[in-house]
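Visitor: I would like a close look at a single part of this model, namely how the helices sit against the sheet and what the space beside them is lined with. Could you take me through that part slowly?

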Amino acid sequence: MTVPPGDHRRAASHVAAQISVAAPIATVFAGLTDHEAMVTWPGISGCQLIVPGTPRNGLGAVRRITALGVTLDEVIVRYEPPCRFDYQIIRGLPVEHLGVVRLSRRDQVVDVDWQVDLDSRYPLVARSAALALGWGLPRALRHVARQVEAAHALEQRGLSRAPG
């Protein structure tokens, strides 16, 4: 990626989404990194693990995702549970795409900050991808928040249900 993380001035396109989730940070992190649950996210019709990472969904993991009719592969390039993971698209779109997801505790909630920088030698491709992400990313975060909060509420009552 030619755009350093956080240097949004040089990126052709930038997308950001934030949400606060009322659940433990480890549970929120697990909900965001579980590739099997991603198929339930709005706009995503398929997700499979192509190369396991360390741990399974962690550093080096390659996921094949079909979203809005486009199939792409992304690799986890930084994995710091439960506070951060970064990923890059490595196949499927002619874009340089770096996603940085940070989680932080605040009072009784977890703040999730998802930033994506996109660049391409075809500027319209980067802008189009950014428009799709701008639509899908907030919806995905709201979906994950609902799933994780529901699972956490069940755990609080002594019941168990995996997020997703």
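Guide: In this predicted model, helix α2 lies across β1, β6 and β7, and runs at about 10 degrees to β1. The sheet beneath is an open one of 7 strands, arranged in the order β1-β7-β6-β5-β4-β3-β2 with antiparallel pairing. Its edges are formed by β1 (13–21) and β2 (44–51), each of which pairs on one side only, and neighbouring strands are turned by 20 degrees against each other on average, if direction is ignored. At the β2 edge, 6 bridges join β2 to the antiparallel β3, and Gly46 stands opposite Thr66 in β3. Helix α1, residues 25–33, also packs on the sheet, where it touches β1, β3, β4, β5, β6 (96–106) and β7, and the direction of α1 makes about 160 degrees with that of β6.

As for the space you ask about, the largest pocket holds about 510 Å³, and of the 26 residues that line it, Ile44, Ile65, Ala67, Leu72 and Leu133 are the closest to its centre. Helix α2 returns here, since the largest share of the lining, 7 residues, comes from α2, while β3 (62–67), β4 (70–80), β5 (84–91) and β7 (109–119), like α2 (123–156), each supply at least two lining residues. Sorted by class, the lining of this pocket comprises 21 nonpolar, 3 polar and 2 charged residues.

Key. Residues numbered from 1 in each chain as written. Predicted model: local features only at pLDDT ≥ 70, side-chain atom pairs only at ≥ 80, totals over all residues. Heavy atoms only, no water. 1 Å grid on protein atoms, 1.4 Å probe; cavity = no way out; pocket = protein on both sides within 12 Å on 5 of 7 lines; lining within 4 Å. Points joined across faces, edges and corners; volume = space filled by probe spheres on them. Helix = DSSP H or I, 4+ residues; strand = E, 2+ residues; numbered from the N terminus. Nonpolar A, V, L, I, M, F, W, Y, C, P; charged D, E, K, R; others polar. Pairing = 2+ DSSP bridges. Axes fitted to C-alpha atoms, helices over the stretch in contact; angles between N-to-C directions. Contact = heavy atoms within 4.5 Å.
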